[in-house]
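Biologist: I would like a close look at a single part of this chain. Please take one strand, then follow its partners and the rings around them.

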Amino acid sequence: QVQLVESGGGLVQAGGSLRLSCAASGRTFSSYTMGWFRQTPGKERAFVAAISRSGTATSSVKGRFTISRDNAKNTVYLQMNSLKPEDTAVYYCAAATRWVISEEKYDYWGQGTQVTVSS
């Protein structure tokens with residue numbers, strides 16, 4: 001079992017930055033692929049970024065969002081730069097036992113944190 005708790009969301013002006021954190025419980029954090037997803041009202045949850053156990057990372061928001069992890073702290077981060085109003089969403093952290101980017105393959109989810117970007 002893994003419990004995930006996101007933090008770091010909030011209100012920011014367009015062009016600004018935020019860093020989201022996701023703290024995981026359990027001693028096996030380093031064995032999980034970690035992902036970030038986002039959801040806006042009326043839309044399905046969308047993939048944002050993922051990082052493997054070994055640190056291989058991918059992001060759907062090229063050049064602006066970067067995922068990283070600190071296994072010693074059981075924490076995964078999402079650095080978001082040059083934020084745009086369309087980045088406004090609830091951001092979720094998730095954990096999977098293998099390298100995947102499909103939402104349905106993730107086993108554990110956090111409760112989400114709201115990010116609002118004003119124009």
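What follows is a walk through one strand and its surroundings.

Modeller: This is a predicted model. I start with strand β5, which spans residues 46-51. The strand is mostly covered, since five of its six residues are buried.

β5 pairs on one side of the sequence with β4, residues 33-39. The two strands run antiparallel and are joined by five bridges. One bridge can be named by residue: W36 has A49 of β5 as its partner. Together β4 and β5 make a hairpin, with six residues between them. The turn includes G42, whose phi is positive at about 80°.

β5 also pairs with β6, residues 57-59. Here three bridges do the joining, and the strands are again antiparallel. A50 faces T58 of β6. This is a hairpin too, with five residues between β5 and β6. G55 sits in that turn and has a positive phi of about 100°.

Back to W36, the partner of A49. W36 is also among the residues in contact with S21. S21 belongs to strand β3, residues 18-24. Is S21 buried or exposed? S21 has a relative accessible area of 17%, under the 20% cut-off, so it counts as buried. Beyond its near neighbours in sequence, S21 touches V5, E6, S7, W36, T75, V76 and Y77.

Two of those contacts, W36 and V76, lead into the largest nonpolar core. That core has 28 residues. W36 and V76 are in the group that touches the most other members, along with L4, M34, L78, M80 and Y91. At least two core residues come from each of β3, β4, β5, β7 (65-70), β8 (75-80), β9 (89-96) and β11 (113-118). A separate core of seven residues lies apart from it. Its members include F37, A50, A94 and A96. A50 is the residue that stands opposite T58.

Now the rings. The whole structure holds six aromatic pairs. In one, Y32 and Y108 have ring centres 6.0 Å apart and planes at 80°, so they meet edge-to-face. Y32 lies in the loop between β3 and β4, while Y108 is in strand β10, residues 108-109. The pair links parts of the chain 76 residues apart. Y32 and Y108 are both buried.

F37 and W109 form another pair. Their centres are 5.0 Å apart and their planes stand at 55°, so this pair is tilted. F37 is in β4 and W109 in β10, so the pair ties together parts 72 residues apart in sequence. How do these two rings differ in cover? F37 is at 1% relative accessibility and so is buried. W109 has a relative accessible area of 25% and is therefore partly exposed.

F37 and W109 also belong to a cluster linked by ring pairs, together with F47, Y92 and Y106. F47 falls within the 46-51 span of β5. The charged end of R45 meets two rings of this cluster. It sits over the ring of Y92, 4.6 Å from the centre. R45 also places its charged end over the ring of W109, 3.8 Å from that centre.

Note on methods. Residues numbered from 1 in each chain as written. Predicted model: local features only at pLDDT ≥ 70, side-chain atom pairs only at ≥ 80, totals over all residues. Heavy atoms only, no water. Helix = DSSP H or I, 4+ residues; strand = E, 2+ residues; numbered from the N terminus. Buried < 20%, exposed > 50% of the residue type's maximum accessible area, 1.4 Å probe, protein only. Contact = heavy atoms within 4.5 Å. Pairing = 2+ DSSP bridges. Phe/Tyr/Trp six-rings, centres within 6.5 Å; stacked < 30°, edge-to-face > 60°. Lys NZ or Arg CZ within 6 Å of the ring centre and 35° of its normal. Core = buried A, V, L, I, M, F, W, Y, C linked by side-chain atoms within 4.5 Å. Lists of a residue's contacts leave out its neighbours within four places in sequence.
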